[in-house]
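Q: I'm new to this structure and would like to learn how to read it. Could you take me through some features one by one?

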Amino acid sequence: MDIPKALTRIRGNVNTPVFVLLHGWGSNEYDLPDLLRFCAPDADYASLRAPIEYGMGYTWFGTWDHEGVPSGASLDEQALAAAEAVDRWVAANVDESRRVVVMGFSQGGLLAGHMLRVNPERYMAAVCFSGWLAPGAVPGDERLKALTPPVFYGHGGADTIFTPDELAAMSGFWKTHGTLTEKIYPGMEHSINMPEMRDVSMFLQSIGAARPTF
């Protein structure tokens, strides 16, 4: 599995991070860059296209139980394959001097956190919009307990894509393997809203990854 295409704006300022953006099920690389206007204006980014064609867009996972959501061993295998593809792309295209923040929605939200698990020394933080957790152990998990990288996890109170157990697993993992900021947005379904963008903006400012916007 390899990344087939990326939309990039990387200008070489070593003092600022590169945002790696990972879209959700059935979307594409044009989906997320505009969000940076609200939380990290003028940031460098690489928005990656998932490798598998699906409908009018693309998917990170080729099989699932429902609505782009695999589970169990299938999820573990597919998440690892996708994360390793992203990690190879980053190694080949982002200078090692640059810090990297991974941001993703849904499938991409899972992968944003998974990148820290696959290569915990490379990625400084994750922003997980409406993501969930691959349940199996990953080799980097033990290292994360020492590093405790910052992780933002936001999801809607009316999101029916994931079960309460799946949400609790995501929260529980990052409470012990990262420095978790979790926000739940009442009435929001499987989406992103402006209150969440304000919270992400504050989160990124707090870790030195963005300048004030609001």
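A: Let's begin with a term: a residue is buried when its relative accessible area is under 20%, exposed when it is over 50%, and partly exposed in between, using a 1.4 Å probe and protein chains only. This is a predicted model, where local features need pLDDT of at least 70 and side-chain atom pairs count only at pLDDT 80 or more, while totals for chains, interfaces and linings use all residues. Residues are numbered from 1 along each chain as its sequence is written, and side-chain values use heavy atoms, with hydrogens and water left out.

Q: Let me try that term out: is Asp42 buried or exposed?

A: Asp42 is exposed, since its relative accessible area is 53%. You'll find Asp42 in the loop between H1 and S3. Those labels come from DSSP runs, numbered from the N terminus: helices are H or I runs of at least four residues, and strands are E runs of at least two.

Q: What is there to notice about the phi of Asp42?

A: The general idea is that most residues other than glycine have a negative phi. Asp42 goes the other way, with a phi near 65°, a positive value in a residue other than glycine. Ser130 also has a positive phi, near 50°. Ser130 sits in the loop between S7 and H4, and at 0% relative accessibility it counts as buried.

Q: How many salt bridges are there?

A: A salt bridge here is a side-chain nitrogen of Lys or Arg within 4 Å of a carboxyl oxygen of Asp or Glu. By that rule the count is nine. One of them pairs Arg11 with Asp42, with the closest N and O atoms 3.1 Å apart. This pair links distant parts of the chain, 31 residues apart: Arg11 is in the loop between strand S1 (6–9) and strand S2 (18–22), and Asp42 is in the loop between helix H1 (36–39) and strand S3 (44–48).

Q: Which residue of S3 forms a salt bridge with Arg11?

A: That's Asp44, whose salt bridge with Arg11 has its closest N and O atoms 2.7 Å apart. Asp44 lies in strand S3 and Arg11 in the loop between S1 and S2, so this pair ties together parts 33 residues apart in sequence. Asp44 is buried, at 4% relative accessible area, whereas Arg11 is partly exposed, at 46%. Arg11, Asp42, Asp44 and Arg98 are linked in a network of salt bridges.

Q: What about the pair Asp141 and Arg117: how far apart are the closest N and O atoms?

A: They are 2.9 Å apart, in another salt bridge. Here the pair links helix H4 (residues 141–147), which holds Asp141, with helix H3 (residues 107–118), which holds Arg117, and the two residues are 24 apart. Asp141 is buried at 8%, and Arg117 counts as buried at 1%.

Q: How should I read helix H3 itself?

A: In general, an α-helix has 3.6 residues a turn, so residues three or four places apart point the same way. To check the length, take the expected span, which is 1.5 Å times one less than the number of residues. H3 has twelve residues and reaches 16 Å from its first C-alpha to its last, close to the 16 Å expected. H3 is also mostly covered, with eleven of its twelve residues buried, including Gly108, His114 and Arg117.

Q: And the sheet: what is the order of its strands?

A: Strands of a sheet pair through backbone hydrogen bonds, either parallel or antiparallel. Two strands count as paired if DSSP finds at least two bridges between them. This open sheet has seven strands in the order S1-S3-S2-S6-S7-S8-S9, with mixed pairing. S1 and strand S9 (179–185) stand at the edges with a single partner strand each, so one side of each has no neighbour in the sheet. S1 and S3 run antiparallel and are joined by four bridges; the bridge partner of Ala6 in S3 is Leu48.

Q: How many disulfides are there?

A: A disulfide is a covalent bond between the sulfur atoms of two cysteines. The rule used asks for a pair of cysteine sulfur atoms within 2.5 Å, and the count is zero. Cys39 is in no disulfide, and the nearest cysteine sulfur, that of Cys128, is 13 Å away. Cys39 counts as buried at 0% relative accessibility, and Cys128 also counts as buried at 0%.
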